[in-house]
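Here's a quick briefing to read with the model open beside you. Grab a coffee and scroll along as you go.

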Amino acid sequence: QLGAALPLAALVGPKTLVLHGGLFRAPPPKRARGGKNGGRKKKSSRGAPALVLGTLADLEAASKGGVDPDGEGTSQIAGDVLWSDPAPDVTGLVPNDNRGIGTMFGPDAVKEFMLTNEIALVLRSHEGPDAREDRPDLPSVQDGFCVDHDVKGVGKLCTVFSAPDYPQFVEEGEQRYNNQGAYVVLTAPGEFCDPAPRSFHAVKPRPKCQPYYDITVGGSDEEGPDGNLRVLHEPDDGGEGEYGSGKGEAQREEEIAEDDKEEEEDEGDEEGS
C-alpha cells in the first residue's frame with residue numbers, strides 16, 4: 001500500500017529529477033480508427049522506428065503500470081523509469097537488451113532531456129556493485145555514489161546506491177561486496193541540483209533475519225516481468241485497485257493482444273501491396 005501511494009518519480013526544486021532507473025520513451029501514438037486500412041499506419045519495411053525520448057509532461061501523465069510494470073502498452077513509461085540504465089557508448093535511446101525491459105541511454109540523450117525539460121540533475125539508483133562489476137565501462141558504485149554522465153554546462157546524471165555490504169542475503173560461503181551505501185544532500189542555495197553525497201558503512205555484525213525468498217533457487221528474488229514475486233503480489237481486482245495502475249492486468253493484456261493482431265493485419269496489407 002505504501003508503494004502504491006508513491007509516485008514513479010519526484011521533481012525536487014525546479015531542476016532535479018529523482019527516479020529509480022533512468023530516462024524513458026515518449027508514449028506510443030494512439031492508433032486512429034476508420035478510413036483506409038482502418039486508419040492504421042503501415043509498418044515501415046526499414047525495421048523498428050527509433051526510440052523517441054519522453055518529457056516531464058509525458059511522465060506526469062503516465063500510468064504507474066500496476067504492481068510490477070512489464071513495459072508494454074500503458075505501462076511502457078513505468079517500465080522504462082524503473083528498468084533503464086545509462087551507457088557511455090550509446091547514441092540516443094536503445095532497447096535495454098541486457099534486462100529485456102526499459103532502455104539504455106547515452107550522454108546525448110541526457111543532454112537533450114535536460115535541455116528540453118530544464119533539468120540540471122538526474123538522480124537514479126538501480127545498479128549496485130554487482131551490476132557495475134559486469135559493466136567496467138561505467139564508474140564504480142563501491143562508495144554508494146558516482147557520476148555516470150557529466151554534460152558540461154548542462155548537468156549531471158548520477159547513481160545513488162543506498163544498500164551497504166550488498167547483497168542483503170547470500171548463501172553460506174558466498175561473499176558480500178563490502179561496499180558503502182550513500183545518500184545525497186540537496187540544498188536550496190544551489191537550487192537543489194548540486195549533489196553532496198554522504199557515504200556510510202553497514203553495521204556489523206549484521207542483524208540476523210530470514211530472507212523473504214529462497215536464496216538457493218536462481219531467479220526467486222527477481223521482481224521484473226519474469227520474476228516469481230510477480231505472481232505472489234499480482235492484483236486481481238480487474239480495475240484500478242489499490243495499486244494505482246489505472247487499468248487491471250486483464251484489460252492491459254487485451255490491449256496488447258489487440259495491438260499484436262493489428263500489427264499482423266498491417267503486415268498482411270503491406271505484403272499484399
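A residue is called buried under 20% relative accessible area, exposed over 50%, and partly exposed in between (1.4 Å probe, protein chains only). By that yardstick Tyr183, at 45% relative accessibility, is partly exposed.

Bear in mind that this is a predicted model: local features need pLDDT of at least 70, side-chain atom pairs count only at pLDDT 80 or more, and totals for chains, interfaces and linings use all residues. Residues are numbered from 1 along each chain as its sequence is written, and side-chain values use heavy atoms, with hydrogens and water left out.

**The chain as a whole**

- The protein chain has seven helices and ten strands; these are DSSP runs numbered from the N terminus, with helices being H or I of at least four residues and strands E of at least two.
- Of the 273 residues in the protein chain, 37% are buried.
- About 15800 Å² of the protein chain is exposed, and carbon and sulfur atoms supply 50% of that; the areas come from the Shrake-Rupley method with a 1.4 Å probe, and for residues only the protein chains shown count as cover.
- Take contacts (heavy atoms within 4.5 Å) between residues at least 6 apart in sequence: 60% of them join residues at least 24 apart.

**The nonpolar cores**

- A nonpolar core here is a set of buried Ala, Val, Leu, Ile, Met, Phe, Trp, Tyr and Cys residues joined through side-chain atoms within 4.5 Å.
- The largest one has 22 residues, and Leu17, Leu23, Leu59, Phe105, Val110, Phe113 and Val122 have the most contacts inside it.
- Helices α3 (76–83) and α4 (107–117) each supply at least two residues of this core, and α4 gives the largest share, with four residues.
- A second, separate core has nine residues, including Leu123, Ala182, Val184 and Cys193.
- Leaving out residues up to four places away in sequence, Phe105 touches a dozen-odd places worth clicking through, among them Leu23, Ser84, Asp85, Val110, His149 and Leu157.

**Helix α3 and the small sheet**

- Seven of the eight residues of α3 are buried, so the helix is largely enclosed by the rest of the structure.
- Those buried residues are Gln76, Ile77, Ala78, Gly79, Asp80, Val81 and Trp83, and what covers them includes α2 (56–61), β3 and β5.
- An open sheet of three strands runs in the order β3-β5-β4, with mixed pairing; two strands pair if DSSP finds at least two bridges between them.
- β3 (85–86) and β4 (93–95) stand at the edges with a single partner strand each, so one side of each has no neighbour in the sheet.
- β3 pairs with β5 (residues 103–105) in the parallel sense over two bridges, and Asp85 stands opposite Met104 in β5.

**Ser84**

- Ser84 is in the loop between α3 and β3, and it counts as buried at 0% relative accessibility.
- Its side chain makes two polar contacts worth a look (a polar contact is a pair of N or O atoms within 3.5 Å; within protein, one must be able to donate a hydrogen and the other to accept it, and residues adjacent in sequence count only if both atoms are side-chain atoms).
- The Ser84 side chain reaches the backbone oxygen of Asp80 at 2.7 Å and the backbone oxygen of Leu23 at 3.1 Å.
- Not counting residues up to four places away in sequence, Ser84 also touches others including Gly79, Asn96, Thr103, Phe105, Arg124 and His126.

**Aromatic pairs**

- Searching the whole structure turns up four aromatic pairs; rings of Phe, Tyr and Trp (its six-membered ring) pair if their centres lie within 6.5 Å, and planes under 30 degrees apart count as stacked, over 60 as edge-to-face and the rest as tilted.
- Phe169 and Tyr212 have ring centres 6.4 Å apart and planes at 75 degrees, so this pair is edge-to-face.
- Phe169 is in the loop between β8 (155–160) and β9 (181–185) and Tyr212 in the loop between β10 (196–200) and α6 (229–233), so the pair ties together parts 43 residues apart in sequence.
- Phe169 is buried at 13% relative accessible area, whereas Tyr212 is exposed at 52%.
- Tyr183 and Phe200 form a tilted pair, 6.3 Å centre to centre with 35 degrees between the planes.
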